[in-house]
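Reader: I am new to this structure and keep meeting labels I would like to understand. Could you show me how each one is earned?

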Amino acid sequence: MERRRLGTFGPSVSVLGLGCMNLSGNYGPTSEADAMALLARAVELGIDHLDTADIYGIGQNEELIGQFLRTSRARVKIATKVGIRFVRITGERYIDNTPAYIRQAVENSLSRLGRDHIDLLYVHRREVGRPIEELMEAMARLKQEGKVGAIGLSEVSAETIRQAHACYPVNAVQNEYSIWTRVPERGVLDATRQLGIALVAFSPVARGLLTGSPPDPASMAPRDFRRSNPRFLPENYVRNREVADKLATVAAELGRTPAGLALAWLIARSRHIVAIPGTRSIAHLEDNVRGVAVPLGLEETKRVEAILPDGFPWGARYSAVQALGVEEV
């Protein structure tokens, strides 16, 4: 599999990573055995970049990956995210970027992962009002101590990226990016390219919509993240599904699958992009890997963009609750 670097001096990883949030119930239940089998198959296929966060399953996701690492001895790069706090009693989430909390969260993540070093650490969301200099100094100190290899930011604007990078080198920025969510093209894509920062794209197949088996909102599990996501609400989903079906038709005509076509489109956008689709299905995982193996031609790109022009989706990217701490442009 093609490899790309996380920032100018960051580690080299497979162009296709694995987003692991799906393995902790955010898109429906999965068993530990199935999760382990999926992770093992990902490594067999050449994926060596696993992406998690301490908030996924409230630590359970990191523990799962830690168990996989101990039993498989797989040689992979681990990226995790800290900075969102959860109050179990009330269910409240809030952003905390204080140096003390970032440090404690990293120590907790290292313990769950069973490692003494995190290959790539992201601040999951930026805390409003906290100076970026304070945050970057805290991250830099963790790197200097050897607890962290590369530094990243998630769901941030181009302005924040430039401010942060001026304080201390940023290796990666993780934002949602796909043929149906092209917000990074309004500034983040150029900023990361110009500064030599990797853009790590999550939800590159539109949270399952741009696949061969799009989700049915009516049958989603109670804890499924998409049940309250505006783009999957009935009045919006029907319109979004119509467009997704058109993409599926074109994909079939091109001898591709919808997910494979969407991923090929994404990684062709720029050499500094890495995609981290998530899945609970080994079949979908294998489809994703096949999709990035065949480059997308210019004419194919034009056909895809004619069907899914920038700004087409019906509904906001997040609900008000889901958008906590997100900087859009």
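Author: Gladly. Please keep in mind that this is a predicted model. A good place to begin is helix 10, where the buried residues pack against helix 7 (234-253) and helix 8 (258-267).

Reader: Which residues of helix 10 are the buried ones?

Author: Helix 10 spans residues 298-307, and its buried residues are E300, T301, V304 and I307. They lie on the same side of the helix because they cover an arc of only 130° around the axis. L298, E299 and A306, on the other side of helix 10, are exposed.

Reader: Why is E300 called buried?

Author: The cut-off for buried is under 20% relative accessible area. E300 has 16%, so E300 is buried.

Reader: What makes the link between E300 and G297 a polar contact?

Author: Two N or O atoms have to lie within 3.5 Å. The distance from a polar atom of the E300 side chain to the backbone nitrogen of G297 is 2.8 Å, so the pair falls within that limit. Leaving aside residues up to four places away in sequence, E300 also touches L254, R256 and P295.

Reader: How do you know that I267 is buried?

Author: The same kind of test applies. I267, which lies in helix 8, has 8% relative accessibility and therefore counts as buried, the limit being under 20%.

Reader: Which residues does I267 touch?

Author: Not counting residues up to four places away in sequence, I267 touches R4, V15, A275 and V292. For the distance to F232, the C-alpha atoms are 25 Å apart in space, and the two residues are 35 apart in sequence.

Reader: Now the sheet, please. What is the order of its strands?

Author: The order is 3-4-5-8-9-10-11-12, in an open sheet of eight strands with parallel pairing. Strand 3 (18-19) and strand 12 (273-275) stand at the edges because each has a single partner strand, which leaves one side of each without a neighbour in the sheet.

Reader: Why are strand 4 and strand 5 said to pair?

Author: Pairing takes at least two bridges. Strand 4 (residues 49-51) and strand 5 (residues 77-82) are joined by three and run parallel, so they pair. Within this arrangement, H49 stands opposite K77 of strand 5. Helix 3 (residues 99-113) lies across strand 5 and strand 8 (118-123), at about 140° to strand 5.

Reader: How do you know that strand 10 pairs with strand 9 and with strand 11?

Author: The same cut-off of at least two bridges decides. Strand 9 (residues 148-154) is joined to strand 10 by three bridges, and strand 10 to strand 11 (residues 198-202) by five, so both pairs qualify. Both also run parallel. A172 takes part on each side, as the bridge partner of G152 and standing opposite A198 in strand 11.

Reader: What makes strand 10 mostly covered?

Author: Strand 10 covers residues 172-176, and five of its five residues are buried. A172, Q174 and E176 point one way while V173 and N175 point the other way, and all are buried.

Reader: Which helices form β-α-β units with strand 10?

Author: Helix 5 (residues 158-167) makes a right-handed unit with strand 9 and strand 10. Helix 6 (residues 188-195) makes a right-handed unit with strand 10 and strand 11.

Definitions and conventions: Residues numbered from 1 in each chain as written. Predicted model: local features only at pLDDT ≥ 70, side-chain atom pairs only at ≥ 80, totals over all residues. Heavy atoms only, no water. Buried < 20%, exposed > 50% of the residue type's maximum accessible area, 1.4 Å probe, protein only. Helix = DSSP H or I, 4+ residues; strand = E, 2+ residues; numbered from the N terminus. Arc of directions from axis to C-beta. Contact = heavy atoms within 4.5 Å. Polar contact = N/O pair within 3.5 Å; in protein donor to acceptor, adjacent residues only side chain to side chain. Axes fitted to C-alpha atoms, helices over the stretch in contact; angles between N-to-C directions. Right-handed = clockwise from strand over helix to strand, strands pointing away.
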